[in-house]
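Thanks for coming. I will take a few minutes to go through one structure, and I would ask you to keep it open while I talk.

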Amino acid sequence: MAKSTFNETDKSIQCPYALNCGACSYAGMTYEGELKVKDAQIKKIFEGLCDFPHINGMYRPVYYRNKVHAVVSGNKENPIITGTYEEGTHNVVAVKQCLIEDKQCNDIMDTLRSLFVSFKYKPYDEDTKRGFIRHILMRKGFSTKEIMVVLVTGEVMFPSKNNFIKALLEAHPEITTIVQNVNNMGSSMVLGSRSIVLYGKGYIEDVLCGFRFRISPSSFYQINPAQTEKLYKAAIKMADLTKKDTLIDAYCGIGTIGIAASKSAGQVIGVELNREAVHDAQINAQLNNISNIKFVNEDAGEFLVAYAARHKADVVIMDPPRSGSTPEFLDSLIKITPSRIVYISCNPETQARDLKVLVKGGYEIKQAAAYDLFPHTSHVESVVLMSRKEK
């Protein structure tokens with residue numbers, strides 16, 4: 001099979017796995033051409049709503065993913081295969097080098113495949129519920145270079161655990177922590193509920209927008225920090241915060257946006273449903289000596305419904321999942337009448353749908369920008385500023 005290559009001149013990638021993997025929709029296209037396609041897509045989605053300037057591309061769009069996930073499988077010819085599910089199926093595409101994933105993590109993946117064979121670890125079979133290794137998850141700090149390896153297993157028992165860890169660390173002393181996650185559920189979820197720290201502190205830290213963040217195995221953290229910094233700085237600038245403002249950071253995750261915005265606001269309230277992410281967010285506030293922020297472990301929509309009955313907020317920054325916001329959240333957002341709403345989205349289609357609701361509720365779009373956080377794929381990250389219409 002041909003090797004994956006990156007063309008430094010036109011910033012295109014050639015990937016032999018692209019057709020089966022389905023992740024890199026624009027493999028083989030020049031990066032300039034890809035950005036033009038994405039510009040056209042955004043223009044079409046937001047037609048009649050607002051205009052977007054040219055998408056902000058990445059300087060060197062390769063090896064940018066700081067989070068690497070692989071499914072572990074095998075067959076008679078190859079006892080251990082690592083890769084991704086073929087688009088729309090449960091068939092595993094064996095991937096030996098991915099040009100959008102961190103190169104160091106790619107190298108560790110090679111070593112893990114060899115060690116699994118050496119230690120005679122069997123891939124987990126979801127149908128028979130037999131076998132050992134199910135998934136591999138790696139996370140790397142963009143600034144700190146710390147690396148976490150999460151081995152997702154079908155059972156707690158870890159044969160030859162100490163010898164395996166020793167061999168892995170001898171090959172890759174750059175690994176700072178190793179975690180075993182136990183997942184024996186019959187679902188497509190990668191991580192189970194139980195994690196066991198095998199080496200190191202069980203998490204990594206990274207620096208984003210000048211602030212330090214703790215990242216646990218299941219924490220949400222943007223996969224392209226270089227582009228994320230540009231996106232978050234643009235969003236915070238749009239918010240135009242003052243020390244008199246109360247800011248709600250909805251769907252806050254581990255608190256990255258709220259913490260980065262806290263130095264400009266009077267008070268920040270972060271809202272997040274994931275309990276582990278809230279725990280990390282609280283630690284992150286302490287790490288950065290921030291006292292004007294608090295975090296609430298609730299569904300963002302339910303929180304805003306209750307909050308709207310008693311309080312008002314000056315600014316809301318929201319970064320919902322791909323499915324967008326709920327009608328209840330948007331209704332409550334309109335009720336608390338913030339003067340400014342900054343809406344960050346990884347799915348422009350659901351964002352456009354929600355913006356139409358907010359426009360009907362008395363808001364108008366003031367500014368919009370798009371950032372390519374996922375080069376060579378079909379995804380785009382967009383941010384829109386809205387303000388209350390003057391009566």
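I will start with a helix contact. L330, L333 and I334 in α9 meet D354, V357 and L358 in α10. Sorted by type, the residues of that contact are 5 nonpolar, no polar and 1 charged. Before going further: this is a predicted model.

For the geometry, α9 covers residues 327–335 and α10 covers residues 348–360, and their axes come within 10 Å, with a crossing angle of roughly 35°. The crossing of α9 and α10 is right-handed.

Now the sheet. In what order do the strands of the open sheet run? The order is β5-β4-β3-β6-β7-β8-β9, which makes 7 strands with mixed pairing. At the edges are β5, residues 92–94, and β9; each has a single partner strand, so one side of each has no neighbour in the sheet. On average, and ignoring direction, neighbouring strands of this sheet are turned by 35° against each other.

As a reminder, strands of a sheet pair through backbone hydrogen bonds, either parallel or antiparallel. This sheet has examples of each. β3, residues 67–73, pairs with β6, residues 133–140, in the antiparallel sense over 5 bridges. Within that pair, H69 has L137 of β6 as its bridge partner.

The parallel case is β7, residues 147–153, with β8, where there are 7 bridges. One of the residues to look up there is V150, whose bridge partner in β8 is V179. On the far side of β8 comes β9 in the strand order. β9 spans residues 194–199 and runs antiparallel to β8, joined by 5 bridges. Here V182 is bridged to R194 in β9.

Is β8 mostly buried or exposed? β8 runs over residues 175–182, and 7 of its 8 residues are buried.

That brings me to the helices on the sheet. α4, residues 161–171, belongs to a right-handed β-α-β unit together with β7 and β8. α4 lies across β7, β8 and β9, and runs at about 145° to β8.

The other helix to look at is α3, residues 103–118. α3 lies across β3, β4, β6, β7 and β8, at about 155° to β6. Both lists include β7 and β8: these strands are in contact with α3 and with α4.

To recap, there is an open sheet of 7 strands with mixed pairing, helices α3 and α4 lying across strands of that sheet, and the right-handed crossing of α9 and α10. That is the end of my part.

Terms used:
Residues numbered from 1 in each chain as written. Predicted model: local features only at pLDDT ≥ 70, side-chain atom pairs only at ≥ 80, totals over all residues. Heavy atoms only, no water. Axes fitted to C-alpha atoms, helices over the stretch in contact; angles between N-to-C directions. Helix = DSSP H or I, 4+ residues; strand = E, 2+ residues; numbered from the N terminus. Left-handed = near helix turned anticlockwise from the far one by under 90°. Contact = heavy atoms within 4.5 Å. Nonpolar A, V, L, I, M, F, W, Y, C, P; charged D, E, K, R; others polar. Buried < 20%, exposed > 50% of the residue type's maximum accessible area, 1.4 Å probe, protein only. Pairing = 2+ DSSP bridges. Right-handed = clockwise from strand over helix to strand, strands pointing away.
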